[in-house]
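Trainee: I should like to learn how to read the features of a structure in order. May we begin with how helices lie against a sheet?

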Amino acid sequence: MADLSTDVRQIKGIGEQRAKALGKLGIFTLRDLISWFPRKYDDRTELKRIADLVPGESACVAAMIASSPTVAHIRKGMDLVKVRAVDDSGVLDVTFFNQTWLKNNLRQGETYIFYGRAEGNLLRRQMASPVVEPADRREVTGRIVPIYPLTAGVSQLVLSRSIRQGLDECADILPDALPDEVRQAHHLCRIGYAYENIHFPESAEALDLARRRLAFEELFLFTIGLKRLRRRREAVQAEPCHYVDMFAFYDRLPFLLTDAQRRCVDEALADMERSTPMNRLCQGDVGSGKTMVAAACVYFMVKNGRQAALMAPTEILAQQHYAGLSPLLEPLGIRCALLTGSAPAREKRAIAASLAAGEVDFIIGTHALLSQGVDFRDLGLVVTDEQHRFGVAQRAALAAKGQHPHTLVMSATPIPRTLALILYGDLDVSVIDQLPPGRKPIETYAVPGSYHPRVYQFLRKLVSQGRQAYIVCPMVEENDELPDERKAVTAYAEKLQAEVFPDLRVSFVHGKMKPREKDAVMAAFAAGEADILVSTTVIEVGVDVPNAAVMVIENAERFGLSQLHQLRGRVGRGAHQSYCILISDNQNDETRQRLKVMTKTSDGFKIAEEDLRLRGPGDFFGQRQHGLPGLRVADIGCDTRLLQEAQAAAEALLARDPELTTCPATAARVAELFAQNADTLN
């Protein structure tokens with residue numbers, strides 16, 4: 001009999017090849033398979049007549065094949081199958097790309113169900129590559145159909161059938177992580193019903209019940225994990241720091257800190273003077289000065305006779321921090337070093353030896369700091385920059401190189417304070433809600449695609465003045481496969497270079513590149529060796545290029561407001577007036593309202609609130625970003641009320657049973673979800 005840890009290869013109907021393809025998605029066990037939740041749903045329950053199809057909208061239609069399908073060979077690698085279908089209201093011309101086998105499968109005189117996007121006009125309706133199946137065998141129409149994230153070699157149908165087989169295998173063995181009294185008190189369905197209807201919903205109402213149950217469970221377990229994590233951390237004893245006169249540090253700065261920066265520094269120093277380790281999030285908008293808060297904490301710690309480390313997500317960002325902080329701190333007697341993966345082996349060994357001997361006070365680096373052989377004499381402070389690029393486990397791995405060091409994590413993702421307190425339940429939160437004086441606001445404009453010639457002319461003008469520009473392309477999905485950002489970015493960059501800016505230097509960067517390649521492109525751009533950088537959102541968190549004065553964002557409607565704000569923050573970092581141009585042809589009222597927000601305010605926290613109000617924070621609260629496990633169904637922004645319910649239930653359970661001895665299924669599931677953070681939870 002199968003259990004949830006059973007290898008998917010042992011499940012009936014899933015052979016070696018299919019298991020290998022599923023492995024690309026991270027699906028290896030039965031638990032992985034049934035927990036691969038849909039990213040959206042298509043409602044294919046309603047059948048429309050051909051005459052009622054609306055161009056631009058997807059719909060199901062039942063129609064009879066009126067003539068034998070024909071095949072046209074367009075060019076190498078492109079064959080078209082064309083067929084005409086009819087019902088009592090009209091004619092539908094259907095085209096299939098590279099599906100020549102359909103010529104023999106679609107039979108004249110028989111009725112089929114077509115699901116796809118209607119095109120054409122009132123006189124002639126059309127569909128391109130719709131889903132099609134016989135009217136008497138409806139597997140992917142006539143119901144609410146889940147749409148899953150895919151990878152090469154795994155189609156929607158293959159994945160759906162695999163999940164069906166997985167659910168059948170474990171229907172009687174699914175443990176319920178919610179205690180019965182919690183489930184009943186909050187009117188939640190049973191776990192088996194939830195899994196069945198999240199994948200194969202009987203109705204829209206059943207889907208809502210399933211989603212609410214699974215979202216509540218995630219938030220409930222998430223809260224318990226964070227509460228236990230905080231409780232165990234608070235039980236840890238640390239050597240308190242002594243008072244340090246910070247005048248020498250502040251006097252060394254070429255500017256005055258803002259009141260918000262000073263407040264954050266004071267909160268952090270007060271933490272470090274206690275007998276429990278600091279575990280603080282410093283959250284501030286792009287350009288608000290989080291790095292100076294970190295520098296103050298480093299100065300304070302080193303003057304207490306201990307070492308400090310700052311971990312950045314990329315080599316170029318680590319190099320930038322080193323270039324900015326070492327000239328500030330070394331005249332104050334703080335010995336600084338830089339350690340990255342690309343450093344020569346001899347240099348790495350020398351730095352590691354100096355660090356272990358206590359001859360380096362402050363080290364800045366990348367994941368290289370986590371390497372075996374990198375040891376500290378007395379690590380007292382760990383700072384992680386752009387914390388959403390690191391998981392909790394990575395932060396913990398660096399902290400494990402010291403005896404309960406203090407931890408400061410920095411994030412430029414604007415999150416409303418109440419949500420931050422919930423999301424980072426294991427952290428205390430400081431917010432820098434001021435920008436340094438004298439920072440010029442970035443002028444932001446939202447324009448349609450017809451403005452491209454004017455935008456390009458504007459870019460050329462700025463480049464002629466010595467400035468540089470970013471152009472960001474969204475990743476466009478096709479046929480429900482994972483988008484190929486490499487093709488989108490390289491094709492656009494090549495077009496710009498050949499047709500629009502043949503006399504300028506156009507470079508590109510995308511997420512498919514190796515980290516070293518990305519760093520090299522960004523470093524060259526920062527050095528002024530390119531005029532225009534075409535990119536996906538890989539530059540959302542990146543190196544400062546004070547000379548970059550314009551950010552153009554194509555198809556801006558595809559991004560969340562907070563993501564647009566992060567991208568905009570890549571410019572406006574120097575003395576020059578900077579601009580952000582949002583290009584979108586989408587006429588949807590909500591889209592226009594969202595983009596208007598960007599043109600009216602530069603306050604990241606206001607933008608975050610508006611993003612939550614308009615559509616929830618799915619874009620900037622993804623699992624990768626906050627580095628916490630288990631949130632596959634819940635959306636912290638949209639499910640705020642549900643989260644509050646789950647929090648209250650979790651706190652009540654922990655109050656009466658701190659070790660969860662009466663709820664073994666709950667304890668086991670929490671441990672499983674937080675297994676990646678075992679060092680900090682156990």
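Mentor: In this predicted model, α18 lies across β18, β19, β22 and β23. The helix α18 runs at about 150° to β22.

Trainee: Which strands does helix α15 lie across?

Mentor: Helix α15, residues 452–464, lies across β18, β19 (468–472), β21 (532–535), β22 and β23. Its direction is at about 160° to β23.

Trainee: How should the sheet itself be read, and in what order do its six strands stand?

Mentor: The general idea is that strands of a sheet pair through backbone hydrogen bonds, either parallel or antiparallel. Here the sheet is open, with parallel pairing, and its order is β18-β23-β22-β19-β21-β20. At the edges stand β18 (443–447) and β20 (506–509); each has a single partner strand, so one side of each is left without a neighbour in the sheet. From one strand to the next, the twist averages 20°.

Trainee: How many bridges join β22 to β23?

Mentor: Four bridges join these two parallel strands, β23 being residues 579–583. Within β23, L582 stands opposite I553.

Trainee: What follows β22, and where is N555 placed?

Mentor: N555 is in the loop between β22 (548–553) and α18 (561–568). Its phi is near 45°, a positive value in a residue other than glycine. With 33% relative accessibility, N555 counts as partly exposed, because the partly exposed class lies between 20% and 50%.

Trainee: Where does N98 lie, and what is its phi?

Mentor: N98 belongs to the loop between β6 (90–97) and α3 (102–105). Its phi is near 55°, a positive value, and N98 too is a residue other than glycine. Its relative accessible area of 44% makes N98 partly exposed.

Trainee: Let us turn to the interior. Which residues have the most contacts inside the largest nonpolar core?

Mentor: As a general idea, nonpolar side chains in soluble globular proteins tend to be buried together. The largest nonpolar core here has 55 residues, and L159, F216 and F220 have the most contacts inside it. Elements giving two or more residues to this core include α1 (16–23), α4 (156–170), α7 (204–234) and α22 (640–656). The most comes from α7, with nine residues.

Trainee: What does F216 touch?

Mentor: Leaving aside residues up to four places away in sequence, F216 touches L178, V182, H186, L188, L642, E645, A646 and A649. A second, separate core has 44 residues, among them C241, M246, C297 and A318.

Note on methods
Residues numbered from 1 in each chain as written. Predicted model: local features only at pLDDT ≥ 70, side-chain atom pairs only at ≥ 80, totals over all residues. Heavy atoms only, no water. Buried < 20%, exposed > 50% of the residue type's maximum accessible area, 1.4 Å probe, protein only. Pairing = 2+ DSSP bridges. Axes fitted to C-alpha atoms, helices over the stretch in contact; angles between N-to-C directions. Contact = heavy atoms within 4.5 Å. Core = buried A, V, L, I, M, F, W, Y, C linked by side-chain atoms within 4.5 Å.
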